[in-house]
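Colleague: I am new to this structure, and I would like to ask how the words used for it are justified. Could we look at it together?

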Amino acid sequence: MSHDRPAAQPPQRPGRRQVLRLAAAPLAAAALAACGGPKPEPSPDPSTSANSPTPSPTPTPTPVGPPDWAALAKDLGGTVIGPQDGRYEDASHLYQPQFDGLRPAGIVYAATPQDVATCLAFARRYALPVAARSGGHSYTGWSSGSGMVLDVGSMAAVSGSGGTATVGAGARLIDVYAALAADGVTVPAGSCPSVGVAGLTLGGGIGVTCRAYGLTSDSLTGAEVVTADGRVRQVDASTDPDLFWALRGGGGGNFGVVTSFTFRTHPAPTCAYAFLSWPWSSAAPAVAAWQTWVASAPDPLWANLHLDAWPDGRQRLTSTVNYLGPKSELAGLIDRLTVAPATASLHTAPFLDTMKEMGGVAGWSEAAAHLPGSLPGQNPDGRLTRGSYAARSDFYTRPIDPTGIAALVAAVDRYPQSVPQGGSASVSFDALGGAVNRVAPGDTAFVHRNALFGAQYITNYPAPGAGSGPAVDQSQAWLKDVWTTMRPYASGEAYQNYPDPTLADWAQAYYGSNLARLRQVKHAYDPDGLFRFPQAV
């Protein structure tokens with residue numbers, strides 16, 4: 001095929017939630033969650049049922065009395081916001097409007113690690129549940145709750161030199177990319193511009209450059225973390241090495257509140273990228289061709305594949321490809337696809353501009369690529385909007401056979417038959433392998449080191465703020481349908497940064513052979529279970 005002629009139709013630009021889902025784990029330093037699935041076009045508290053029980057925490061102590069939030073505020077350099085504060089509604093909101101009904105007793109924007117230690121002492125004294133938050137993207141709403149929300153968004157400075165970057169736990173991904181790209185470097189990360197770096201890193205961090213540079217957590221060389229006993233620890237491979245190991249993929253919220261990360265940096269070169277599409281009638285052979293293609297691709301190439309559907313019957317099959325090299329080489333690689341795309345639009349751009357393209361904010365200023373507002377992590381010029389959805393995940397360690405591909409396409413075909421207007425759905429595959437799979441499963445807490453690609457099944461609710469009702473029930477029924485359909489072809493593992501409250505064997509699916517060691521670390525650093533949520537280690 002020729003790549004220098006115009007595409008037959010305008011390229012499908014990925015929306016803010018259309019490229020990559022790097023989501024995040026709950027609690028300590030927030031969940032990074034979804035920026036995935038097709039964005040709809042105009043026209044409850046989760047439960048846990050783990051079959052592998054977590055260690056029983058020490059009983060919660062009897063509180064000494066009602067929490068004295070005013071006294072806490074006097075002890076902090078940061079800000080305390082309670083229900084009577086005019087900023088409370090905005091401060092209490094997570095990324096998904098479906099969780100707007102959560103009413104924390106207080107929200108604290110910690111300014112320093114010592115603020116975090118003071119807050120943890122306050123929570124212990126008054127027996128308050130603690131939910132740490134960075135970007136607030138938790139799929140499950142576990143970066144909020146009824147007690148204290150401990151937000152690290154004020155600790156967001158980003159600096160780099162000499163092959164190392166120091167990143168505050170509250171930094172948003174767009175700010176990390178922008179600050180480091182100015183020095184010609186980066187860390188491997190995701191696409192959604194407003195996610196917090198903490199949740200992304202603590203759960204592993206699958207992203208656009210992972211096949212070349214590894215996971216976000218693979219580049220982590222040290223962290224500052226406040227543990228349940230209030231100690232501010234500087235951890236790395238030599239100091240508190242078990243805790244450092246656990247922070248590299250063991251999931252946010254389990255072991256302490258991280259306040260700062262130190263990363264090894266990588267070159268941020270000019271990139272070539274492409275948008276490919278196929279007619280839906282070619283979905284089965286195109287899926288087969290794509291999975292074979294990415295399995296043999298060189299490390300600098302990353303690609304996803306989206307099977308999108310809308311209730312009005314529209315369907316779409318697209319792939320976004322990024323390449324850390326020249327456009328001419330990318331064109332040659334695309335020519336290796338045995339099912340040629342019907343349209344192919346190839347481009348070249350500096351690294352930061354490419355990451356904006358991957359995040360659906362091409363041409364936007366850094367300020368615009370935030371949620372609007374004046375609280376930490378927001379920006380008055382922000383243009384991003386919130387949305388509600390549900391998702392599940394899988395890892396695939398072998399190609400999906402023709403029977404499985406046919407079942408996948410049929411499941412996507414069923415979506416318009418059961419869900420009302422206003423929503424959308426997607427099955428997306430993200431290429432893995434390369435540098436990700438050259439790390440042994442036990443070297444870090446992230447155990448998923450033999451997958452060809454990861455999968456996310458996502459359904460966007462027809463009413464953006466809805467968390468319940470018939471339309472949500474129908475959306476979730478389709479999600480269960482497609483996930484169940486694909487289970488025979490997947491590995492049985494799931495991504496801890498896409499927490500799934502309906503997953504019965506979540507502990508084994510997230511952590512596999514690393515689970516026992518993670519529980520030992522949990523017992524050592526949080527013996528009383530201060531950091532609790534339904535899927536805590």
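Modeller: What follows is a set of questions about terms, each answered from the definition and the computed value. This is a predicted model, in which local features need pLDDT of at least 70 and side-chain atom pairs count only at pLDDT 80 or more, while totals for chains, interfaces and linings use all residues. Residues are numbered from 1 along each chain as its sequence is written, and side-chain values use heavy atoms, with hydrogens and water left out.

Colleague: How many helices and strands does the chain have?

Modeller: The chain has 14 helices and 18 strands, where helices (H or I, at least four residues) and strands (E, at least two) are DSSP runs, numbered from the N terminus. Of its 537 residues, 61% count as buried, a word that means under 20% relative accessible area, with exposed over 50% and partly exposed in between (1.4 Å probe, protein chains only).

Colleague: Why is helix α4 called largely enclosed by the rest of the structure?

Modeller: Helix α4 covers residues 173–181, and 7 of its 9 residues are buried, so the helix is largely enclosed. The buried residues are Leu173, Ile174, Asp175, Val176, Tyr177, Ala178 and Leu180. They pack against several elements, including β5 (158–161), β6 (164–168) and α10 (351–358), contact here being heavy atoms within 4.5 Å.

Colleague: Why is Asp413 called partly exposed?

Modeller: Asp413, which is found in helix α11 (residues 402–414), has a relative accessible area of 30%, and because partly exposed covers the range between 20% and 50%, the term applies. Leaving aside neighbours within four places in sequence, Asp413 is in contact with Trp280 and Gln315.

Colleague: What makes the link between the side chains of Asp413 and Gln315 a polar contact?

Modeller: The two side chains are joined at 2.5 Å, and a polar contact is a pair of N or O atoms within 3.5 Å; within protein, one must be able to donate a hydrogen and the other to accept it, and residues adjacent in sequence count only if both atoms are side-chain atoms.

Colleague: How do you know that β3 and β4 pair, and in which sense?

Modeller: Two strands pair if DSSP finds at least two bridges between them, and β3 and β4 (residues 148–151) have 4 bridges in the parallel sense. Arg133 stands opposite Asp151 in β4.

Colleague: Which strands form the open sheet, and in what order?

Modeller: The order is β1-β2-β4-β3, with mixed pairing. The edge strands are β1 (79–81) and β3 (130–133), since each pairs on one side only.
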